[in-house]
Amino acid sequence: TSATSGYISWVSREEVVSSGIDPETQQVCPELVDAQDSGRYVELSASGESSEFTLDQPVGQYFLCLLDDAADAVPGVPLRSIGTISVMDVIATMGQSSLPSTRTTLRVDVSAMLAGIVTCVAKTVAATTAKQSEFASVALEPGMSASAMQEQALQQRTQIFEWLNDQDGTIALSNTEVPAAVPPNVTVVLVLSTFPETNEVPTWCWHSATLDLKMVTPEDPMGMYLELPGSNPKAHHLPTFLWPGGSFLIWIEHVPDTSRSRVNLVNSSDECDSSTYEIAMPVVQVGFTEQLIEAYLVADVTKRMVCFFELPTSMALVIATSTGEQFEFPQAAPPTNGLIVEGVVANYVHRGLPANVILSSAEPGENGQVFIIEDVAYEANGGQCLPAVGIGGAAEAIETAEEYIARVAKVQLKDAFPMDDGSHFITLNEEDTQAFVIGGSYIVCYVGDKRDSTRVFNKVGESLLVRDIITNVIKDTAFEEAGGKKTTSEQTRLSVEASLEGRVSCFIVVRRLDRTPVMEEIRNTYSSELPEDFVPAFDESEVLGRTLDVDVLAANSVTPVVIDHLPYGNAAGIRAMPMGVAPQVYTWCYHDQSSIVYPDSGDGVSIELSVLEPPDFQYQAAFGAVFEKLVLARNVSFPPFSPAWQVEGFPIYYYDAVQFSITPTLPAGIELESDAGQIRPDPPDQQLLALMSYTIKAQSVFDLQKAREVSLSLTVQEPGYCALQSIKSTEALLACTLHDANNFYNEAIYLLFFVYGAATPAPVSSSFSCYGDAAAPASEPAPGILDFTCQRVGSECCCWLWVPGGSDRTERNVDISRSLTGRVSTSGQCGMSMAERYIFMTLAAGVNPLSDMQESGVVYAAGDEAVIADFTVPERTEAKPIQFEMKVDINYEEVCDPVINGAEAEEQCKAQMQAELVALLGAPPEMITVRSVRPG
């Protein structure tokens, strides 16, 4: 172009050729006037750019014509050809998509030259045909201006455009964005609002860039006929064997891709019209691979029509089902299940025993399949046998149905076998039932035909309840409430509920175990029947007791099992519990027809113990002798007397502990220890105590209503003392009283004489210089007065006398006192002076039979001071005989009368009287003479 402005025009090759001009050899451009008259006249700037204009001519090839200098624009000036251009619609092409169309969805491939929005519409053949008479082409009149011709073409396009946007005959309309001109191809999806009556439908498209010109493709009012292949969609349900209330999926026949399709169950077309894609459920794809389940439908007899959305943008359509206009379910009522165990109809599955699950009203074929899961797993799945991954979740899920069943099912997939009566059965072997948990409940998941492309399992019948043959073990509280012996550290009484006849064996231990014990451990045969490397779950010291082979006399009965805790000492291992909580022990049992121990865990059945009522008891010494009466010597120690329980070892552990009390109060020097109940010496000296009866109560620490009482008599006696009987210038006679006790046997009596006015020695055995010198005589002395052996040490004289029977250490009579008379030579061994005043104190010496005959000496004392007696040695005077008469209680006639009894009878009476007086007075025989005897 020149440096000045100009004009540009264009003429189609079709126009040139129709004018008889050869475009290859002749001038093709019009003159300026013709270009102006045709409206094809656009100003061109000096830089070679035209102003913006709309090219509203038919598609084709055009010659560009130039007048490069506006100054030359005079009539008759020719334009010069400078090249050719191709004129195309914005929508260059449209046609049947390479993606499949269906009877409800038409897919159109559109090639667009500009970015924007492509709109396509499909109408019915009938509506399109009926409209054609209104779209008759209007002929161009000679001499029409270019603008008139353009206006007429616009009016024709507008008429078609407005009809295409009208609802009349419209069965689909869709807008699709063209993001860029390159690549220009997009697929427009037309979702039909109804099923077409023909296999082809007329279709048009337009671009948003040509809305003002109302340009559509094709321009033909009959549109472009595109194919809707195949048959109308049809809904099928999985599982193929279905009943009201069952969960199911739908797959769609005659739709190649249903990956985004959804369905809703309705009871009318109107309800379908109001349905939305958002509330509908995904359908399942049918193929060779089992599909993950996004969501379940539930069979409802009131909603059996299928409302179908092929795509999220699809209109809701009621489609046919495999059984007609609506689903007809194969089974009117859900199947049921039953159990047969050991050939008997049962209500429960028993762990460790095989069972048959009977399915009634099931699919009549041979392809049924079952697996079993726990109730909790079923509930966790939202009440479904297999979990739904959620709408849209299939792309993220990694676990298939087979993998889920392998991981979760307690009983893996099993085939259901038909029976003659039309029912089916599944056999559960021992290994299957051992996988169950006692007290658990399990769901039978069933599909009628395992060949379904995607199996949908439904719950069949009631949950299977699992119980062992032993269904329950508890403490026999009913027996206790009826007044029977309570379960304590001494004995456990169980109630064992069993569903079959046979024998049960139980044992009980002090703690929970790390695992379930095996039967051999319950029977205590594990050391001989199990391998050498077997490690028991407990130590035998933790076993309270075993009771084996107790007969169960009837099925579904309760059998009492009494377990004596032997050895009783093992009860010491029962664990202490916090205050207010009773101690627990743990038991396990098994039935001889089951291979399972109940309960199947290391926790066992916890049994709460009651306080053992204190048993009868007595008091015994350390060496085992039992006492109902205690005679104790004052100021002599003794080892504790302890309760001797009728139940050996009581109280064996803390919960049986007792506290002891005694009434009335014990004397000083003796105490009752409240925890152990021992009667033991208290450091202060004991006070003397006349025989008194005491009540000792042993009362439970944890149950104050439980107590036991025992009576015990107690006396504290002075073991020995002497009193002055008579004193002469040469000798003193002493009357001594001795009292043996359980803790003191008298062997000797000691006397310590000292001058009146001298300091009184301490009341201890060491004050007696001759203490320990007493020795048993070679033979027992004759009855009568016994002589003390004395020795003088300084101003003191220490004397001792071995008491008759002192050497006898066998059991003595501690209930009585005994007396003896002893003589001390005051003038001889002690060398006491006549008319001198003296004092003496007494010591009883003996052995303690409660302390291995340990020697002991007790000074006769009152409190901390010795009990002393004083006397004066009389002066010796000349002896003169004294004559006196005595009246004695003798029957003279029967004994002494010489007339009746002979002359010697009187002499015999005289001799007898003399001997009695000698003994009574302690005088020598020569000093006493009986001169006569006469009746009085």
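Helix 12 (892–895) and helix 14 (904–921) each give at least two residues to the lining of the largest pocket in this predicted model. Of the two, helix 14 deserves a closer look: with six residues, helix 14 provides the largest share of that lining. In total, 40 residues line the pocket, and the ones nearest its centre are I882, F884, L917, I928 and T929. The space inside comes to about 1700 Å³. Sorted by class, the lining has 21 nonpolar, eight polar and eleven charged residues.

Now for the enclosed space. How many cavities of 30 Å³ or more does the structure hold? The count is one, and about 30 Å³ of space lies in the largest cavity. Its lining is made up of F753, F754, R792, S795, E796, C797, C830, M832 and Y838. Strand 49 (745–755) and strand 52 (796–802) are the elements that give two or more residues to this lining. By class, that makes six nonpolar, one polar and two charged residues.

Here are the two spaces side by side:

| Space | Volume | Nonpolar lining residues | Polar lining residues | Charged lining residues |
|---|---|---|---|---|
| Largest pocket | about 1700 Å³ | 21 residues | eight residues | eleven residues |
| Largest cavity | about 30 Å³ | six residues | one residue | two residues |

Next, a sheet elsewhere in the chain. Four strands form an open sheet in the order 8-7-10-11, and their pairing is antiparallel. Strand 8 (170–178) and strand 11 (224–227) stand at the edges with a single partner strand each, so one side of each has no neighbour in the sheet. From one strand to the next, the twist averages 30°. Strand 7 (residues 116–123) pairs with strand 10 (residues 200–207) over five bridges, in the antiparallel sense. If you want a spot to look at there, find A122, which stands opposite T203 in strand 10.

One last stop is T102, which sits in the loop between strand 5 (91–96) and strand 6 (105–112). Is T102 buried or exposed? T102 is buried, because its relative accessible area is 2% and buried means under 20%. Which residues is T102 in contact with, once its neighbours within four places in sequence are left aside? They are L228, P229, H254, V255, P256 and E310.

Key: Residues numbered from 1 in each chain as written. Predicted model: local features only at pLDDT ≥ 70, side-chain atom pairs only at ≥ 80, totals over all residues. Heavy atoms only, no water. Pairing = 2+ DSSP bridges. Axes fitted to C-alpha atoms, helices over the stretch in contact; angles between N-to-C directions. Buried < 20%, exposed > 50% of the residue type's maximum accessible area, 1.4 Å probe, protein only. Contact = heavy atoms within 4.5 Å. 1 Å grid on protein atoms, 1.4 Å probe; cavity = no way out; pocket = protein on both sides within 12 Å on 5 of 7 lines; lining within 4 Å. Points joined across faces, edges and corners; volume = space filled by probe spheres on them. Nonpolar A, V, L, I, M, F, W, Y, C, P; charged D, E, K, R; others polar.
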